[in-house]
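Colleague: Could you take me through one part of this model in some detail? I'd like a single connected account rather than a list.

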Amino acid sequence: MSKLLNSSRFNPQKFNRNQIVFYVIMIPIAIFMALPIVYLFVSAFKPLDELLEFPPKFFVRHITFQNFINLFEQSGSTGLPIYRYLINSIIVTSIVTVLSVILSSTAGYILSKKKFKMRKVLFEINTLSLMFVSCAVVIPRFLIISKIGIINTLFAHVLPLLAIPVGLFLIKQFIDEIPNELIEAAKIDGAGDFFIYLKIILPLIKPALITVAILAFQMAWNNVETSNLYVNKEEFQTFAYYLSTLTNNSNSIAGAGVSAAAALIIFVPNLVIFIFLQAQVMDTMAHSGIK
Amino acid sequence: MKNFLLKTKKFFSNMGTKISEWLDKGNRTTVLFLIPYVTMFLVFIVLPIIIAIGLSFTYYNGISAPKFIGFNNYIYLFTQDSVFMKTILPNTLLFALVVGPGGYVLSFLLAWVLSQLPHKSRTVLALIVYSPSMTSGVAMTVLWKTIFSGDEQGYLNSILLRFNFINEPIQWLQSPEYLMPVMIFVTLWSSMGIGFLAMLSGLINVNKELYEAAYIDGVSNRFQEIIHITIPSMKNQMLFGAVMAIVGAFSAGSIGVQLSGSNPTPQNAGQLVVNHIDDYGILRKELGMSAALSVILLIIVYIFNRLFTRLFSEREAKKNVKATK
């Protein structure tokens, strides 16, 4: 009996006494990991006198939105209002998210369900490029971006982020689970590739699409590098970049409140999106194995 | 000569008809669906690597045409660039060795513990553990800068001072001896990313009957169970996690520069290959040298990954040998 109990330890249905030890391990770790994030929230809503207080207190006593108001009253070095950075970020992030999902899902469908010579090789190359460290090639990328003439434009933000090897990888693994018979049957009924892709594949791989969308969102939304290297025109720079200039210039505690407010604006969308969609992500990850 | 031309012409026209025949056989969508991804992939991932390899054999300042100089950049880096050999390479290896495997083991252990909790509390705790990795360095730098601030106003300093652990504030981010530990700590804190999620979901989905069978076969403790059942049955997720951990460890390079606010970092204490690439390429305009460093970095990442994959496949092979005995 005890052996059977033991074996059903993983993914348990409900609480039992054996789990107490895991809670004892996990809860302090979780608190420790959450502390910096809680601290970020707290500092963003602290009034100036509480930020300057010595010794510093962890929690906020008088919640204020002054840091956010101050943030939006600031402007870039050429007088560009802050919301422009935010709008750029929103535009770039939405385009990257939508397009990268389309690109990886179309390619994933072909690599999973079509039989042709290059198929295996292409997927192998893609799997190999999971190891690609993009910050290693910023200079060659700069040369390419200036050669094709998209430097200092919004395109420079979007195009380099569209091909996400992890995205194609996850989607392809997910489509592999769709039985071929389903597609054969649709073909016999006269369905073309577009129809199959839109009406059969896409609805069945929703979790994978959502996961890739989240990854793309995180990449684009948090991206500083592009504005830093490829886009010198302020009107095309992003909010994350503006945040990074804030932290470089102001070391004062007073500036910390405004920086924390800006950081929160970057962080919260990531958090909210993940909270709502985490179940789909976990579903996709079950298929994430490298074979 | 004429014959040769005719032959090539014939060859190409043959190929042309072959391709159009292939396209007509319902492969048009194959090409149409693949081309957008493949183009972007080639232009922004493959091409940069090729350019980096090409430029690494040249002297190039970004203005005049690149001049071929053979292996000189590599030779210079390994023999003349004392900063690279003495601090940057050791720094990078130390950082990657602690953060890569460290973050990986940590991810697995946390995922293992979490997988034994019921769904609701598991989800909440996993979200907390995952959340630091959602934002890249930037947003979090704000936070770490106030926590590790060098004056007594700094959060950590004020706590340590209050409890008399230290007598005067420590320059966490500006002093060479503390910058690297802080970088490692911050990166480890945010290393439970997509690899962690993959392993967690792998753990949840391991076939329970395997565990039952194992206990009948005489597996007697948790450690044996992890080694003999859990890890082998989620090998694919483990590998995925490993690749993500290694790439993460080598990509996290900018953290030192962001924390200390300067490139190079104070006395090069937090200088990693990634920063050195930027240093050569952007600050000193020696693009050839920078490209050579890029190539070295990509090779290091590749070797790390091979080692890891090898490790797993060897264990697998041993297990199979045992099984056949």
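What I'd like to start from is helix α9 of chain A: how many residues does it have, and how far does it reach from its first C-alpha to its last?

Modeller: Sure, and keep in mind that this is a predicted model. Helix α9 of chain A runs over residues 165–176, so to speak a stretch of 12 residues, and it reaches 16 Å from its first C-alpha to its last. That is close to the 16 Å expected at 1.5 Å a residue.

Now for its surroundings. Of the 12 residues in α9(A), 10 are buried, so the helix is largely enclosed by the rest of the structure. The buried ones are Val166(A), Gly167(A), Leu168(A), Phe169(A), Leu170(A), Ile171(A), Lys172(A), Gln173(A), Phe174(A) and Ile175(A). For background, buried residues make up 40% of the 291 residues in chain A. The chain itself has 15 helices and 0 strands, and its C-alpha trace spans about 70 × 70 × 35 Å along the principal axes.

Two of the helices that pack with α9(A) are worth following. Take α5(A) to begin with: α5(A) and α9(A) pack at an angle of about 45 degrees, with their axes 8 Å apart. At that angle α5(A) counts as oblique to α9(A), and the crossing is right-handed. On the α5(A) side, the residues in this contact are Ser100(A), Ser104(A), Ser105(A), Ala107(A), Gly108(A), Tyr109(A), Leu111(A), Ser112(A) and Lys113(A). They meet Gly167(A), Leu168(A), Ile171(A), Lys172(A), Ile175(A) and Asp176(A) of α9(A). By class, that gives 6 nonpolar, 6 polar and 3 charged residues.

Then there's α12(A), residues 206–221, which packs with α9(A) at an angle of about 175 degrees, the axes being 9 Å apart. The two are therefore roughly antiparallel to each other. From α9(A) the contact takes Val166(A), Gly167(A), Leu170(A), Ile171(A) and Phe174(A), and from α12(A) it takes Ala208(A), Thr211(A), Val212(A), Leu215(A) and Ala216(A). Here the split is 8 nonpolar, 2 polar and no charged. Gly167(A) and Ile171(A) turn up in the contact with α5(A) and again in the one with α12(A).

To close the triangle, α5(A) and α12(A) pack with each other too, at about 145 degrees and with axes 8 Å apart, and this crossing is right-handed. Ser89(A), Val92(A), Thr93(A), Val96(A), Thr97(A), Ser100(A), Val101(A), Ser104(A) and Ser105(A) of α5(A) meet a set in α12(A) that includes Leu209(A), Val212(A), Ala213(A) and Trp221(A). That contact has 10 nonpolar, 6 polar and no charged residues. Pairings between distant stretches of sequence fit the wider chain: among contacts in chain A between residues at least 6 apart in sequence, 75% join residues at least 24 apart.

One of these helices also faces the partner chain. The contact between the chains takes 85 residues from chain A and 82 residues from chain B, and α5(A) is among the elements giving two or more residues to the chain A side. The biggest giver there is α15(A), with 15 residues. The chain A side divides into 58 nonpolar, 20 polar and 7 charged residues.

For contrast, look at Ile188(A) in helix α10 of chain A. With 8 other C-beta atoms within 10 Å, Ile188(A) is exposed.

Conventions. Residues numbered from 1 in each chain as written. Chains lettered and ligands numbered in written order. Predicted model: local features only at pLDDT ≥ 70, side-chain atom pairs only at ≥ 80, totals over all residues. Helix = DSSP H or I, 4+ residues; strand = E, 2+ residues; numbered from the N terminus. Buried ≥ 20, exposed ≤ 12 C-beta atoms within 10 Å, placed from the backbone. Contact = placed C-beta atoms within 7 Å. Nonpolar A, V, L, I, M, F, W, Y, C, P; charged D, E, K, R; others polar. Expected span 1.5 Å × (residues − 1). Axes fitted to C-alpha atoms, helices over the stretch in contact; angles between N-to-C directions. Parallel < 35°, antiparallel > 145°, perpendicular 65-115°, else oblique. Left-handed = near helix turned anticlockwise from the far one by under 90°.
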